[in-house]
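Student: I should like a close look at a single strand and its surroundings in this structure. Please take me through its pairings, its side chains and its place in the chain.

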Number of protein chains: 2
Amino acid sequence: MPLERIAILGTGLIGCSVGMALRQNGFAATIIGWDRDPTQAAIALSREAIDVTAEAPLTAATECDLILLSGPVFSILDWLEQLAPILQPHQLVTDVGSVKRVLCEHAAERYNHPNMPGFLPGHPMAGKEVGGAANADGELFRGAVWLFTSGAGEADMSQEAQAHAMEWRTWVQRFGSHILELDAVRHDELCAWVSHLPQFVSTALSALLEDKFPDDADLRAIGGRALREMTRLGASPYSMWRDIAHTNTEAVAATLLALEQRLTHLREHLKTPELRDEFDLANRFRLRNPHKPQGS
Amino acid sequence: MPLERIAILGTGLIGCSVGMALRQNGFAATIIGWDRDPTQAAIALSREAIDVTAEAPLTAATECDLILLSGPVFSILDWLEQLAPILQPHQLVTDVGSVKRVLCEHAAERYNHPNMPGFLPGHPMAGKEVGGAANADGELFRGAVWLFTSGAGEADMSQEAQAHAMEWRTWVQRFGSHILELDAVRHDELCAWVSHLPQFVSTALSALLEDKFPDDADLRAIGGRALREMTRLGASPYSMWRDIAHTNTEAVAATLLALEQRLTHLREHLKTPELRDEFDLANRFRLRNPHKPQGS
């Protein structure tokens, strides 16, 4: 039985983009949307990412085959808790949360048994530094990696939920994403390096510059692409990153400490040949990770 | 007397781009080029950035009205020293070097007196992480700031050299650049923040990742735009940045230390409300420095 009703709980940037991507890739059945900010749901509706806005999200969820949870990690955690007792085994919950270990641990006793609903933990590596349904884009996921950390849990779902999980992966591929399966702990560690560390460095650098040069027109005039790129994520919202800082604390702290030590090393060797070693290593990293065009 | 002959010593990315920008904006007189790597000079010639390659750069320089020095800081320092005794007061030297204090100090006793040649220290805030004449672009300077740190020196040049400096500013504006005049010490401090710090952070992060994950296909697969932007400058050449590290050491070290301390602070407050303060400050910085499109 193909998916006939999908609920999107959280129709901001990612949730609305998923709805648009479903439509652009031929999903013909019903999409129900809800957001705690009714404006976001209204924008998602006007952009045809959803067919209808739900009055009562829990009731809407009980009527759908697949429920997509899209929002900060703690809100996904709340939904997982509220939905577990009211969903049926044939229903599948999936999410787009930035960390996975805490969600998988929370779901372990509530999902993925033949008499419980299914939970397929997902994480598209796509986003923007500005949130909201108005910035959504059905092409947002093209060329991106969409991570799943289902682990052994998927085999224990009901047959119907397993079929929904298979179909969801097919839709994700139609969005243009490449699927990668990871263990949840490894997911959180790798994401600390490639996503969380860049965010916190960008926040720290932006905050430092705002502190030190609050009104320096010259600084603002001469800052070029290098500064723009390094501070772009400074615009990211605290509300989302607080949850990541709280739920992936150790992995993030380890990356920050490692970078602090590396910067100290570089600072102490600005005039020694060891600076060349750092550039050689960095050049090698870039050679193996050539700069692809934006968005790919 | 308008400029009739220009010498470009160093026809890599920036020197070749300047030649192309001159041509695209209607400069009709002669451009002589030289590079210590004859291949770079040949590429600049084939791209019509220069009319002829010089056999002997010092001789070529003596025959030109304006000599543009384009290369790492120490090479510019060498040229300033070699050219001072053989140029005439009517001739103007200008450069595109990344630091200015050490060049201005070096030039102080050799240039910018009525019986000495002129030196107009310049610095276009434009570049790429990949060098070479093959990557040159006559549009590279459009929308960028072109800094000058002439200070009081310009008033002491010969009348002819002053006229050349005036005309050179006009060409720079025709390239599409915005001119900003700065004191040399302030130039080096501001550039440490907006250019050198981003470079060294990108180098340190790239080197750290290469060290820690030399062969991790997953890390490479899931890295998105955030990682690409934060490590793009990891590709930059040591040869250029060594000179900056050696000639702007104190200013660069101060920015690195400040960022190290800021990262430590953030790491120690991942789970406290002070994280919100950092995001608030960073958000404010970005609001005042909205993300302009690339290249502008």
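Tutor: Let us take β8(A) and begin with its parallel partner: β8(A) and strand β9 (residues 178-181) of chain A run parallel and are joined by 4 bridges. Within this pairing, Val145(A) has His178(A) of β9(A) as its bridge partner. The model in which these pairings appear is a predicted one. The connection between the two strands involves helix α6 (residues 159-174) of chain A, and β8(A), α6(A) and β9(A) together make a right-handed β-α-β unit.

β8(A) also pairs with strand β7 (residues 122-124) of chain A; here the strands run antiparallel, and 3 bridges join them. In this pairing, His123(A) stands opposite Leu147(A) of β8(A). Strand β8(A) thus has an antiparallel pairing with β7(A) and a parallel pairing with β9(A).

The side chains of β8(A), which covers residues 145-148, point in two directions: Val145(A) and Leu147(A) one way, Trp146(A) and Phe148(A) the other. Residues on both sides of the strand are buried.

As for the wider setting, chain A contains 12 helices and 9 strands. Its radius of gyration is 21 Å, close to the 19 Å that the globule rule gives for 296 residues, so chain A is as compact as a globular protein of that length. The C-alpha trace spans about 65 × 40 × 30 Å along its principal axes. Of the 296 residues in chain A, 55% are buried, and among contacts with a separation of 6 or more, 79% are between residues 24 or more positions apart.

Technical notes. Residues are numbered from 1 along each chain as its sequence is written. Chains are lettered from A and ligands numbered from 1 in the order in which they are written. This is a predicted model: local features need pLDDT of at least 70, side-chain atom pairs count only at pLDDT 80 or more; totals for chains, interfaces and linings use all residues. The radius of gyration is taken over C-alpha atoms; the globule rule is 2.2 Å times the number of residues to the power 0.38. A residue is buried if 20 or more other C-beta atoms lie within 10 Å of its own, exposed if 12 or fewer, and partly exposed in between; C-beta atoms are placed from the backbone. Two residues are in contact if their C-beta atoms, placed from the backbone, lie within 7 Å. Two strands pair if DSSP finds at least two bridges between them. A crossover is right-handed if, with the strands pointing away from the viewer, the path from the first strand over the helix to the second runs clockwise.
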